[in-house]
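Hi everyone, thanks for making time today. I'd like to walk you through a structure that may be new to you, so please have the viewer ready.

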There are 2 protein chains.
Amino acid sequence: MKLPWVLQKNNIARIKGDSLLIGDRRLYPFERSFVTCKNVEEIASALKEMVTQGGGPLQVALTTLRLIANSPLAEIKRSAELLSNSRPTNTTMRRTLVAIVEKLERHPSKGRGDYLNALIDKIEEAYDQDYLAMGSFGSALLKDGDVVLTTCFAEHSFILSLIKAQEEGKRIKVLVPETRPYLQGSRLTAPSLDEVGIEVEVITDAMGAHFMERGEITHYMTACDVVAMDGTAANKVGSLANAIGAAYYQIPYTNFALSPDTTLASGAGILLEERDGSEILEVRGIATTLPTLKGRYPSFDKIDPKLITNIVTPKEIFAPSEVGEAYR
Amino acid sequence: MKLPWVLQKNNIARIKGDSLLIGDRRLYPFERSFVTCKNVEEIASALKEMVTQGGGPLQVALTTLRLIANSPLAEIKRSAELLSNSRPTNTTMRRTLVAIVEKLERHPSKGRGDYLNALIDKIEEAYDQDYLAMGSFGSALLKDGDVVLTTCFAEHSFILSLIKAQEEGKRIKVLVPETRPYLQGSRLTAPSLDEVGIEVEVITDAMGAHFMERGEITHYMTACDVVAMDGTAANKVGSLANAIGAAYYQIPYTNFALSPDTTLASGAGILLEERDGSEILEVRGIATTLPTLKGRYPSFDKIDPKLITNIVTPKEIFAPSEVGEAYR
């Protein structure tokens, strides 16, 4: 199963000489270009500035560690901390980096660079296996003729689910809300699905309930940036409105969770990133209103477990109430 | 109470020589410019192309009739039909024009032009009174400290409610979703509220439920383009998602209905305008995705009466179930 261009590892992050190149998701699909970062400070800034998003920062962090694999341990620890702090809501990157640093601390300094590279190879392989497993679970939830609503860019597990369903002969259509302000839906999800041959229609963020009311949506599916042990999920702002709509119209809501966060007992501990409100007063550099007005940009929704039908993990498809038991 | 610039009659439509000038809401607040129409065909096209919207077309239609007041009756009837067909969902314009034409048919041809102008004076005065009455009712529903979520551009009755509440010493804040694709929220509602001194924050269309979940919203208020006799309302797409959210979080939803449609027994008869899907693939002329992708643009939501708390009319504040009785 070939992933669309945006999700290919080499297009998320790659090393070139002493620099790290990050695929610039802010410009895709209009340009396939990369931001060049010369040090970890620049990489952390790029993550803050949304050069990549969703699962992108994790891949960037792993590739960054490869770039600095032979640096002193203190420098690696400092870098891991800098990267972790760049995006507070999605904790997979932080938890992966913490686990790596712990392993490095137990390893003698001689050969530490090679050890780190081998470790990252293993981690990447494991995530690839996880994505494939989630793709199989996700595909099993879909039937021929389904029309799926999504939000933002649900990446590997979601897109692999659709590719697998398609390979199994199921015809699926996906309605993709554009996902303001950065348009991840219209710029990343829609072209990526189109690229792999899935039928796709772009809508605005306001239209999810509209198409549910008309009976056009049979399934709501999103990734999530974090899932707590009580089944509370956080995902791109707008996910909650559609989750409430799906519950109202009795449409299943499936959440793809690569790595439920065992450090979070409940949703109360989820940290929701609040970005600069001025970011929503423009689209691709064009003003949407007077610059003197105040905007607000909470980037993530917290979604009550009772609004979620299925949580697809690499282990299995769970009900939200089962996640804690399975992962604790 | 002074209305904001966009809602002043002269800025919606004005006669200049043989032409009608329509205030171009697509360019506001970046420009205060007018589209010049030399005949009724051009006026109907301008309405189709969203030069003005919401209650704007009604004011344009009335001013158009003034422009052609001395034309033969057949020409006036043809014009009324052309204008009515330009925007199918909001039926106030059509019903007003039908009533005018019926009156004109009973009037002798001599002095018909003066009669028509006097008739329009009366109609405009009556609508102004209706707006003021609705502003008083709307204000009565608000209390000091309220934070109101709205959708699109709810115009006179909503803005007069806020101005009146403010005059009564109530501090109200309004959260305004930008309202894609034409950004009526960020371009019209937010600057207009700011102009009259109401505190305003611009959000994206995806964020209504988010702020409800955080307990920040105390009231959801919108205009509606049409209300049927069973209390079903139609309003800008996105209104339904927020109405469902408001019901879920037990927040009142108030609908401003200038003119419930007695010809519609139920919501089943409401005609929802479906616009060209390519309109959502851009913002102010800038592409949001690849032009080869398919977009969809249903402009209006149909809202079940059980999701509506109050329907503010010029007569009174009704529960949705009371509207039929009051207007039939």
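I'll go through some sheets, then some helices, and finish with a few single residues.

One thing to keep in mind throughout: this is a predicted model.

Let's begin with the big sheet that brings in both chains. It is an open sheet of eight strands with mixed pairing, and its order is β14(A)-β6(B)-β5(B)-β4(B)-β7(B)-β10(B)-β17(B)-β18(B). Which strands stand at the edges? They are β14 of chain A, residues 294-295, and β18 of chain B, residues 317-318. Each has a single partner strand, so one side of each is left without a neighbour in the sheet.

Now look inside that sheet. Strand β4 of chain B, residues 147-149, runs parallel to β5 of chain B, residues 173-177, and three bridges join them. If you want a residue to click on, B:V147 stands opposite B:K173 in β5(B).

Two helices pack on this sheet. Helix α7 of chain B, residues 155-167, touches β4, β5, β7 and β10 of chain B, and its direction makes about 120° with that of β10(B). Helix α8 of chain B, residues 184-195, touches β5 and β6 of chain B, and here the direction makes about 165° with that of β5(B).

While we're on α7 of chain B, please find B:E155, which sits in that helix. B:E155 has a positive phi of about 55° although it is not a glycine. Is B:E155 buried or exposed? Its relative accessibility is 8%, so B:E155 counts as buried.

Next, a smaller arrangement, starting in chain B. There, three strands form an open sheet in the order β8-β9-β16, with antiparallel pairing. The edges are β8, residues 226-227, and β16, residues 300-303; each has a single partner strand, so one side of each is left without a neighbour in the sheet. Between β8(B) and β9(B) there are two bridges, and B:V227 has B:A233 as its bridge partner in β9(B).

Over in chain A, β8 and β9 run antiparallel too, joined by two bridges. A:V226 is partnered there by A:A234. These two strands form a hairpin with five residues between them, and in the turn A:G231 has a positive phi of about 90°. On to the next pairing: β9(A) pairs with β16(A) in the antiparallel sense over four bridges. A:A234 turns up again here, standing opposite A:K302 in β16(A).

Time for helices. Let's stay in chain A with α8, residues 184-195. This helix has 12 residues and reaches 15 Å from its first C-alpha to its last, close to the 16 Å expected at 1.5 Å a residue. How many of its residues are buried? The count is 10 of the 12, so α8(A) is largely enclosed by the rest of the structure. Among the buried ones are A:R187, A:L188 and A:P191. The cover over them includes α7, β5, β6 and β9 of chain A. Just after the helix, A:G197 takes a positive phi of about 85°.

Back to chain B for a helix pair. Two packed helices are described by the angle between their axes and the distance between the axes. For α5(B), residues 92-105, and α6(B), residues 112-140, the axes come within 11 Å and cross at roughly 145°. The crossing is right-handed. Residues making the contact include B:I100 and B:L104 of α5(B) and B:L116 and B:I123 of α6(B). By class, the contact has seven nonpolar, two polar and two charged residues.

Finally, a few single residues. B:T204 lies in the loop between β6 and α9 of chain B. Its relative accessibility is 0%, so B:T204 counts as buried. Leaving out residues up to four places away in sequence, B:T204 touches A:R180, A:P181 and A:I280 as well as B:P177 and B:E178.

That brings us to A:P181 itself, in the loop between β5 and α8 of chain A. The peptide bond from A:R180 to A:P181 is cis, with omega near 5°. Chain A also has a cis peptide bond from A:Y28 to A:P29, and A:P29 lies in the loop between β2 and β3.

One last stop: A:R284, in the loop between β12 and β13 of chain A. Its phi is near 45°, a positive value in a residue other than glycine. At 39% relative accessibility, A:R284 counts as partly exposed.

Thanks for listening!

Key: Residues are numbered from 1 along each chain as its sequence is written. Chains are lettered from A and ligands numbered from 1 in the order in which they are written. This is a predicted model: local features need pLDDT of at least 70, side-chain atom pairs count only at pLDDT 80 or more; totals for chains, interfaces and linings use all residues. Side-chain values use heavy atoms; hydrogens and water are left out. Axes are lines fitted to C-alpha atoms, for helices over the stretch in contact, and angles run from 0 to 180 degrees between N-to-C directions. A crossing is left-handed if the near helix is turned anticlockwise from the far one by less than a right angle, and right-handed if clockwise. Contact means heavy atoms within 4.5 Å. Ala, Val, Leu, Ile, Met, Phe, Trp, Tyr, Cys and Pro count as nonpolar, Asp, Glu, Lys and Arg as charged, and the others, Gly among them, as polar. Two strands pair if DSSP finds at least two bridges between them. The expected span of a helix is 1.5 Å times one less than its number of residues. Buried means under 20% relative accessible area, exposed over 50%, partly exposed in between (1.4 Å probe, protein chains only).
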